[in-house]
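This report describes selected local features of one structure. The sections below take up the ligand site, two helices and several loop residues in turn.

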Amino acid sequence: MKTLIASRPGGPEVLALAETALPEPGAEEVRIRVTVAGVNRADLLQRSGRYPPPPGWDPRRIGLEYAGTVDCTGARCILRRPGDRVMGLVAAGACSEFIVVPERETLSIPANLTDVAAAAIPEAFLTAVRALWDEGELTPGEAVLVRIATASVGLAAIQLAHIAGHPVAGTGRDSARLDALRALGLDHPLVEGGGMVQRARAAMGGAPRVVLDLWGGGRLSENLALLSDDGRLVVVGLLGGNRDTLDLATLLMRRQSIRTLTMRSQPTEARIALVRRFERQVLPLLAAGRLTMPIAQVYPVADAAQAHRDMERGDRPGKRVLLLATAAD
Ligand SMILES: NC(=O)c1ccc[n+]([C@@H]2O[C@H](COP(=O)([O-])OP(=O)(O)OC[C@H]3O[C@@H](n4cnc5c(N)ncnc54)[C@H](OP(=O)(O)O)[C@@H]3O)[C@@H](O)[C@H]2O)c1
């Protein structure tokens, strides 16, 4: 079978399709014929050698999220049957014609979603659920500010928070892109720039209890200033860099906390618990057409290097996905 690999750490040009052995599922695993895989910034970092997967995963194999069809099941599988349409996350190697995963880590694809639409769901929406409720501990009615609302995780977070009844503010660089997000539930679009704390307070009528941050380095003080007393800052992405400084006295006086998360370093049982909860709470919303993830562009897997280049440029919101099988639409 073919697998997308980084032949050595480097730029998009190191991506190549390699012939690898067909994986055999263990007793509680299923083998999935992948039709479409999502592209994520973590893939770009892994490709360049800066973000290896956890031990046990091949650091050359690229891809965190997939959609496809169950090809065969292990001896003790009870949830899945060959032919089931499934989507989900892996720690590496989703851009392969076949993968094996624990059957309990797979999510059913709602009938209204194509495989292209499904491959864009797991990373953004599972991350947003963890950030808002597990780490952010949002309780009913609390306001949330998503910094960057136009990022994929941001797009997922604003929709989920809105449907759950939370007032939602979100930032971005482009006012037209932000305004378009009102249709997805963004109550208060805030263009990045000076006076952010005052503008956010004025728009929201106070300070949010949770800030979900995808930017990281350089905005820590501002994020804490944006946040209410007792608020939770959830740092999920480091687009702006890894380093910052912190005034611990202010943090203590305002009783704020800083939380973080990574999806792929979670233990398997924690991943499974999140997926099963997602199936109960979020899948029905996807099936009802109440959640969406815009697709920025679809590429054949042979054009993976171009997809990585386009993502590095970051010129368009939404997910980029790679077709592994021509049958996917
Ligand atoms: N911790 C975890 O487990 C986890 C999980 C998922 C994602 N993440 C991280 O979260 C971050 C966001 O991920 P994502 O998938 O949501 O990102 P994405 O879909 O690629 O969106 C990133 C957005 O950032 C905005 N942006 C602002 N300044 C930028 C700049 N200088 N260069 C490039 N883009 C810029 C762009 O929107 P505008 O042009 O509209 O401003 C762009 O669309 C990444 O750092 C990712 O690695 C972490």
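## The ligand shell

In this predicted model, helices α3 (122-135) and α4 (152-163) each contribute at least two residues to the shell around the ligand. That shell consists of 20 residues, and the closest of them are Arg41, Thr150, Ser152, Arg173 and Arg177. The ligand itself sits in the largest pocket.

Three short distances link oxygen atoms of the ligand to the protein. A polar side-chain atom of Arg177 is 2.5 Å from a ligand oxygen, and an N or O atom in the side chain of Thr150 is 2.7 Å from an oxygen atom of the ligand. At Met263 the backbone is involved: one of its N or O atoms lies 2.8 Å from a ligand oxygen. Of the 930 Å² of accessible area that the ligand has on its own, the protein covers 86%.

## Ser152 in helix α4

Ser152, one of the closest residues to the ligand, belongs to helix α4. Ser152 has a relative accessible area of 17% and therefore counts as buried, because the cut-off for that class is under 20%. Beyond its neighbours within four places in sequence, Ser152 is in contact with Ala124, Met293, Gly318 and Lys319. One of these partners, Ala124, is itself among the buried residues of α3.

## Helix α3 and the turn after it

How many of the 14 residues of α3 are buried? The number is 12, so the helix is largely enclosed by the rest of the structure. The buried set includes Pro122, Glu123, Ala124 and Phe125 at the start of the list, and also Arg130 and Glu135. Charged side chains thus appear in the set beside residues such as Leu126, Val129 and Leu132.

Just after α3, Glu137 adopts a positive phi of about 50°. Most residues other than glycine have a negative phi. Glu137 lies in the loop that runs between α3 and β8 (144-147). With a relative accessible area of 41%, Glu137 is partly exposed.

## Helix α11

Helix α11 covers residues 304-313, and its buried residues are Ala304, Ala305, Ala307, His308, Asp310 and Met311. An α-helix has 3.6 residues a turn, so residues three or four places apart point the same way. The buried residues of α11 pack against four strands and one helix: β1 (2-6), β2 (15-19), β14 (295-300) and β15 (319-323), together with α1 (41-47). Directly after α11, Gly314 has a positive phi of about 60°.

## The loop between β10 and α6

Glu192 is placed in the loop between β10 (188-191) and α6 (196-204). Apart from neighbours within four places in sequence, its contacts are Arg147, Thr171, Gly172, Arg199 and Arg219. With Arg147 there is a side-chain to side-chain polar contact of 2.7 Å. Glu192 and Gly170 are 22 residues apart in sequence, and their C-alpha atoms are 9.6 Å apart.

Gly193 occupies the loop between β10 and α6 as well. Its relative accessible area is 40%, so Gly193 is classed as partly exposed. From Gly193 to Leu323, 130 residues apart along the chain, the C-alpha separation is 38 Å.

## Asp230 and Gly240

Asp230 is located in the loop between α7 (220-226) and β12 (232-235). Its phi is near 65°, a positive value in a residue other than glycine. Asp230 counts as partly exposed because its relative accessibility is 30%.

Gly240 is found in the loop between β12 and α8 (248-253). Its relative accessible area is 32%, which means that Gly240 is partly exposed. Which residues does Gly240 touch, not counting those up to four places away in sequence? The contacts are Trp215 and Gly217. Gly240 and Trp215 are 25 residues apart along the chain, while their C-alpha atoms are separated by 4.9 Å.

Terms used. Residues are numbered from 1 along each chain as its sequence is written. This is a predicted model: local features need pLDDT of at least 70, side-chain atom pairs count only at pLDDT 80 or more; totals for chains, interfaces and linings use all residues. Side-chain values use heavy atoms; hydrogens and water are left out. Buried means under 20% relative accessible area, exposed over 50%, partly exposed in between (1.4 Å probe, protein chains only). Contact means heavy atoms within 4.5 Å. A residue is near a molecule or strand if one of its heavy atoms lies within 4 Å of it. A polar contact is a pair of N or O atoms within 3.5 Å; within protein, one must be able to donate a hydrogen and the other to accept it, and residues adjacent in sequence count only if both atoms are side-chain atoms. Accessible areas come from the Shrake-Rupley method with a 1.4 Å probe; for residues, only the protein chains shown count as cover. On a 1 Å grid over the protein atoms alone, a cavity is a set of points where a 1.4 Å probe fits but cannot get out, and a pocket is an open set with protein on both sides within 12 Å along at least five of seven lines; lining residues have an atom within 4 Å of a point. A molecule sits in a cavity or pocket if more than half of its atoms lie within 2 Å of its grid points.
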